[in-house]
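Visitor: Can you walk me through this one? I'd like to start with the charged pairs.

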Amino acid sequence: MATTSITKEFFVKDQKAFERMRRDLDKEVPVHKMVAESASLKKSKEKLATFVFR
């Protein structure tokens, strides 16, 4: 995994669009969405839990 940052210079032609982009990027993004529990997912989890390595 990379540990350095990439930076790029750019020039703004439309100040309103730049501010809108800046606000959108500053919004907190949810890390993940909750997934509804389904029968097939439950069955797969049970199979995985009972799987034994030999």
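Guide: One term to begin with. A salt bridge here is a side-chain nitrogen of Lys or Arg within 4 Å of a carboxyl oxygen of Asp or Glu. Keep in mind that this is a predicted model.

Visitor: OK. How many salt bridges does a search of the whole structure find?

Guide: Two. In one of them, the side chains of Arg22 and Glu19 meet, with N to O at 3.8 Å. That value falls within the 4 Å cut-off.

Visitor: How far apart are Arg22 and Glu19 in helix α1?

Guide: Three residues, so about one helical turn separates them. An α-helix has 3.6 residues a turn, so residues three or four places apart point the same way. Side chains of opposite charge can then pair when their charged atoms come close.

Visitor: Is Arg22 buried or exposed? And what about Glu19?

Guide: Arg22 is partly exposed, at 44% relative accessible area. Glu19 is partly exposed too, at 30%.

Visitor: And which residue does Asp24 bridge to?

Guide: Lys27. The closest N and O atoms of that pair are 3.7 Å apart. Asp24 is partly exposed at 45%, while Lys27 counts as exposed at 54%. The line for exposed is drawn at over 50%, so Lys27 passes it.

Visitor: Switching topic. How many helices and strands are there?

Guide: Two helices and zero strands. Helix α1 covers residues 15–26, and α2 covers residues 39–50.

Visitor: What span should α1 have, and what does the model show?

Guide: Twelve residues at 1.5 Å each should span 16 Å, and the end C-alpha atoms of α1 are 16 Å apart, so the two agree. For α2, the expected span is also 16 Å, and its end C-alpha atoms are 17 Å apart, which agrees.

Visitor: What goes on at the start of α1?

Guide: A side-chain oxygen of Asp14 reaches to within 3.3 Å of the backbone nitrogen of Lys16.

Visitor: How many residues of α2 are buried?

Guide: Zero of its twelve, so α2 is hardly covered. Across the protein, 2% of the 54 residues count as buried.

Visitor: What about the surface, then? How much of it belongs to carbon and sulfur?

Guide: The accessible surface comes to about 6,500 Å², and 59% of that belongs to carbon and sulfur atoms. There is also a nonpolar patch, formed by Phe10, Val12, Met21 and Leu25. Together they have about 400 Å² of accessible area.

Visitor: Where does Val12 sit?

Guide: In the segment before α1. Val12 is partly exposed, at 37%. Patch members need over 30%, so Val12 clears that cut-off.

Definitions and conventions. Residues numbered from 1 in each chain as written. Predicted model: local features only at pLDDT ≥ 70, side-chain atom pairs only at ≥ 80, totals over all residues. Heavy atoms only, no water. Patch = residues over 30% accessible without salt bridge, like charges linked within 9 Å, V, L, I, M, F, W, Y side chains within 5 Å. Areas by Shrake-Rupley, 256 points an atom, 1.4 Å probe, with all protein chains shown as cover. Helix = DSSP H or I, 4+ residues; strand = E, 2+ residues; numbered from the N terminus. Buried < 20%, exposed > 50% of the residue type's maximum accessible area, 1.4 Å probe, protein only. Expected span 1.5 Å × (residues − 1). Polar contact = N/O pair within 3.5 Å; in protein donor to acceptor, adjacent residues only side chain to side chain.
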